[in-house]
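Please open the model in your viewer and keep the sequence panel beside it, since each stop on this tour begins with a selection.

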Amino acid sequence: MLLALAAISVLEKHCLSCHALEQLAARPKMVASVTASGYMPPWKPVRGFGSFQGERRLSAQEIAVLQRWDGKLDGEPHASSAVAPMPPPDLTVTMPQPYTVRPDGPDRYRCFVVPLHLAEDRWIRIVDFQPSNRKIVHHALFFTTLKRDLPADYPCFGTPGFVPTSSLGGWSPGNQPLEMPAGTAMRLPKDAHLVIQLHFHPSGKSEEEQSKLNFYFAPGPPTRHIVDVGLVSKAIDIPPGDAAYIVRDHFTLPVDVHAAGIIPHAHYLCRDVKGWATLPGGRRVWLLWIKDWDFDWQDRYWYSRPVPFPAGTRVDMEFTFDNSAANPRNPSSPPVRVTWGAGSKDEMAGLHIQVIPDREEDLPELGKALWGKVMRMVGGRFYEQR
């Protein structure tokens, strides 16, 4: 009985946001194996290279409990999730119609457009995404647009096919509701349409999904602003067989900021993602290291505490790709030349650092520096590559 209680406690804390307790109880050996190996719960950042909120890591004691668990429960009813219930939202948006996912074939990316009919701009402090069928929804991204010529739903791998009016974050299995740092908020524009981009993976039978989003509003406009410092390389041209192709990018911060979070992005060939900051005095601070990148487990990471970076700090990224036949995630057999692009067999390299300027009056200077970086990239002046 005590072992069952201990195991249930571990599962409620780490696993029941994605899995049903009864399903786990029916497979105790599998639970023991995937937790001992670190495969579950999924958490890609290397320990000690950045400290993040909501880290999905099991302690050695928790792993030991699941190693001894035989799947028996204590006979008492348990909640299907350890996530505390949220209060009533200010706005709920639901896909107008269920979408049917065919039983087999490749993964699918589809965008769903929902008019919001807002009479005025609103500011969001929390986004709570709730898929109706977690078996087939791999991850989701949310955008707004003022475009009026989009279909109700359409295929969309990579980008949604337009420049968003605003980005409202995303969701992947195990994520809790996205809550913005204190004093910040995301804009939900007047008369905007919400675009929900869903990544589906077939389950072997015909399934339906009708997602909804709950929005919690801030009382007014933000007093502080998050700025996306995008480290990006389009200088991707990976020969077949190259197992260690590297691209890099960097940017020097012109003003004092605090880094609140970080978002990495790449496709199937990426194996290693590094991000770090070099302070003006030369000390290195790690932003993130993922040394076993998996396209199927992308996430947004918020730091446990905002990290201070003074003006003059240089932020760097380094992405390593494996286009060899030995890479089990290589979508092409035999390997083929791979270049930058939005297609599933193309590649990307982006590390997006979410920073908050220490002084609001510094926003224009930071924006100007970032715009200059974009113009240099558009002009073809890509950063270092091997």
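Begin by selecting β15 and β20, which pair in the antiparallel sense over eight bridges. Keep in mind throughout that what you have on screen is a predicted model. To place one of those bridges, pick T252 and look across to R314, its bridge partner in β20.

Next, extend the selection to the open sheet to which these strands belong, a set of four strands running in the order β15-β20-β17-β18 with antiparallel pairing. At the edges stand β15 (245-252) and β18 (284-290), and because each has a single partner strand, one side of each is left without a neighbour in the sheet. If you view the sheet along its strands, the twist to look for averages 15° from one strand to the next.

Now turn to the side chains and select I262, F309, V315, F319, F321 and I353, the residues with the most contacts inside the largest nonpolar core, which has 44 residues. Within that group, centre the view on I353 and display its surroundings: leaving aside residues up to four places away in sequence, I353 touches V227, D228, V229, L231, A259, G261, I262, L287 and V315. A second core, separate from this one and made up of 31 residues, can be found by selecting residues that include I124, W171, L178 and L213.

The next stops concern the backbone. Select M40 and P41, where the connecting peptide bond is cis, with omega near -10°; P41 sits in the loop between α3 (28-37) and α4 (60-68). Then move to S333 and P334, whose peptide bond is also cis, here with omega near 0°. For orientation, P334 lies in the loop that runs between β20 (314-321) and β21 (338-339), so that from P334 you can step back along the chain to β20, the strand with which the tour began.

Finish with two residues other than glycine that have positive phi values. Which loop holds H117? Look between β3 (108-115) and β4 (122-130), where H117 has a phi near 60° and is exposed, with a relative accessible area of 68%. The second is D191, with phi near 65°, which you will find in the loop between β9 (186-188) and β10 (193-200). Is D191 exposed or partly exposed? D191 counts as partly exposed, because its relative accessibility is 38% and the exposed class requires over 50%.

Notes
Residues are numbered from 1 along each chain as its sequence is written. This is a predicted model: local features need pLDDT of at least 70, side-chain atom pairs count only at pLDDT 80 or more; totals for chains, interfaces and linings use all residues. Side-chain values use heavy atoms; hydrogens and water are left out. A nonpolar core is a set of buried Ala, Val, Leu, Ile, Met, Phe, Trp, Tyr and Cys residues joined through side-chain atoms within 4.5 Å. Buried means under 20% relative accessible area, exposed over 50%, partly exposed in between (1.4 Å probe, protein chains only). Contact means heavy atoms within 4.5 Å. Two strands pair if DSSP finds at least two bridges between them. Axes are lines fitted to C-alpha atoms, for helices over the stretch in contact, and angles run from 0 to 180 degrees between N-to-C directions.
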